[in-house]
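Biologist: I have a few labels I would like justified. Take me through them one at a time.

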Amino acid sequence: MTILDVQNIEKHFGETKVLQDISFTLEEGQALAIIGSSGSGKTTLLRCLNFLERPDQGRILVRGETLFDAADPATQREDQVRRKRLHFGLVFQSFNLFPQYTALENVTLAKELLAQESPDYKADKKRIHEEIRAEGRALLAEMGLQDRMDHYPHQLSGGQQQRVAIARALALKPDILCFDEPTSALDPELTGEVLRVIRGLAEQHTTMVIVTHEMAFARDVADQVVFMDGGTIVEQGSPDQVISHPREERTRQFLSRYFQG
């Protein structure tokens, strides 16, 4: 089943065309890796998917529902933005944890705030609160952080902070989990622990869009790979096609920095 359908997305900043005619689909349970040089538009694409940026052209559909259509103002109302974002979970490069909250509080905060909007919240506040905390503890345990739940971000390593951020993104049960170069802010020795978590999510058939510079990881974990350059998709297909046997010269040039000899 197609869960994500991106059609002809374009994004301009002034005269600069950052994204041009971006189209792809993603099946439920698949992982899509987006690769390319810095400045190729990868992060802007993720921000458009999460409605942190508004595309100038194109459509975004999730499970057949049109979440955004540049030609339809009704899909662009600000009061709908938060609801639309719930379809996506985003894990940032630099963790973006709240320093004043513990690991568990970081994971549960968004769900607590959403629960407070429910008409049943006041009457059933204690039960709802305990359920949310139990789910948060289970997610942190899944990340291997069962002994770090009451630690604050400054008490955690970079790898541990990123795993908290992954748990936080999963807490709202998004349709699609997005990663924006999740290991780029980590020391090399901490990269492996985060990649192991993402690999485990892929094995559980979590639907993911992963912007990454870890080429071997993308080749081994992704079901599809998109190579971007200059705001366009140069090549897309299976990891074997795009990474192991690229057809386009620009793709080969890019990958030669990672796979030599």
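Modeller: Start with burial, and bear in mind that this is a predicted model. A202 has a relative accessibility of 16% and counts as buried.

Biologist: What makes A202 count as buried?

Modeller: The cut-off for buried is under 20% relative accessible area. A202 is at 16%, so the label buried applies.

Biologist: Where is A202 placed, and what is it in contact with beyond its neighbours within four places in sequence?

Modeller: A202 belongs to helix α6, residues 188–203. Setting aside neighbours within four places, A202 contacts M208 and V221. As for Y101, that residue is 101 positions away along the chain, and the two C-alpha atoms are 29 Å apart.

Biologist: What does α6 lie across?

Modeller: Helix α6 lies across β7 and β8 (208–211). Its direction is at about 150° to β8.

Biologist: Which strands make up the sheet, and in what order?

Modeller: The order is β6-β7-β8-β3-β9-β10. This is an open sheet of six strands, and the pairing is mixed. The twist from one strand to the next averages 20°.

Biologist: Why are β6 and β10 said to stand at the edges?

Modeller: Count partners. β6 (88–91) and β10 (232–237) each have a single partner strand, so each has one side without a neighbour in the sheet.

Biologist: How do you know that β6 and β7 pair?

Modeller: Pairing requires at least two bridges between the strands. β6 and β7 (residues 176–180) have four bridges, in the parallel sense. V91 is one example, with F179 of β7 as its bridge partner. Helix α5 (residues 158–171) packs on the sheet here, touching β6 and β7. The direction of α5 makes about 170° with that of β6.

Biologist: Now the helix pair α3 and α4. How do their axes sit?

Modeller: The axes of α3 (residues 103–115) and α4 (residues 125–142) come within 9 Å and cross at roughly 140°.

Biologist: Why is α3 called oblique to α4?

Modeller: Roughly antiparallel needs an angle over 145, and roughly perpendicular runs from 65 to 115. The crossing is roughly 140°. Neither range takes that angle, so α3 is oblique to α4. The crossing is right-handed.

Biologist: Which residues make the contact?

Modeller: On α3 they include L104, V107 and K111. On α4 they include I132, R133 and L139. The residues of this contact divide into eight nonpolar, three polar and five charged.

Notes. Residues numbered from 1 in each chain as written. Predicted model: local features only at pLDDT ≥ 70, side-chain atom pairs only at ≥ 80, totals over all residues. Heavy atoms only, no water. Axes fitted to C-alpha atoms, helices over the stretch in contact; angles between N-to-C directions. Helix = DSSP H or I, 4+ residues; strand = E, 2+ residues; numbered from the N terminus. Parallel < 35°, antiparallel > 145°, perpendicular 65-115°, else oblique. Left-handed = near helix turned anticlockwise from the far one by under 90°. Contact = heavy atoms within 4.5 Å. Nonpolar A, V, L, I, M, F, W, Y, C, P; charged D, E, K, R; others polar. Buried < 20%, exposed > 50% of the residue type's maximum accessible area, 1.4 Å probe, protein only.
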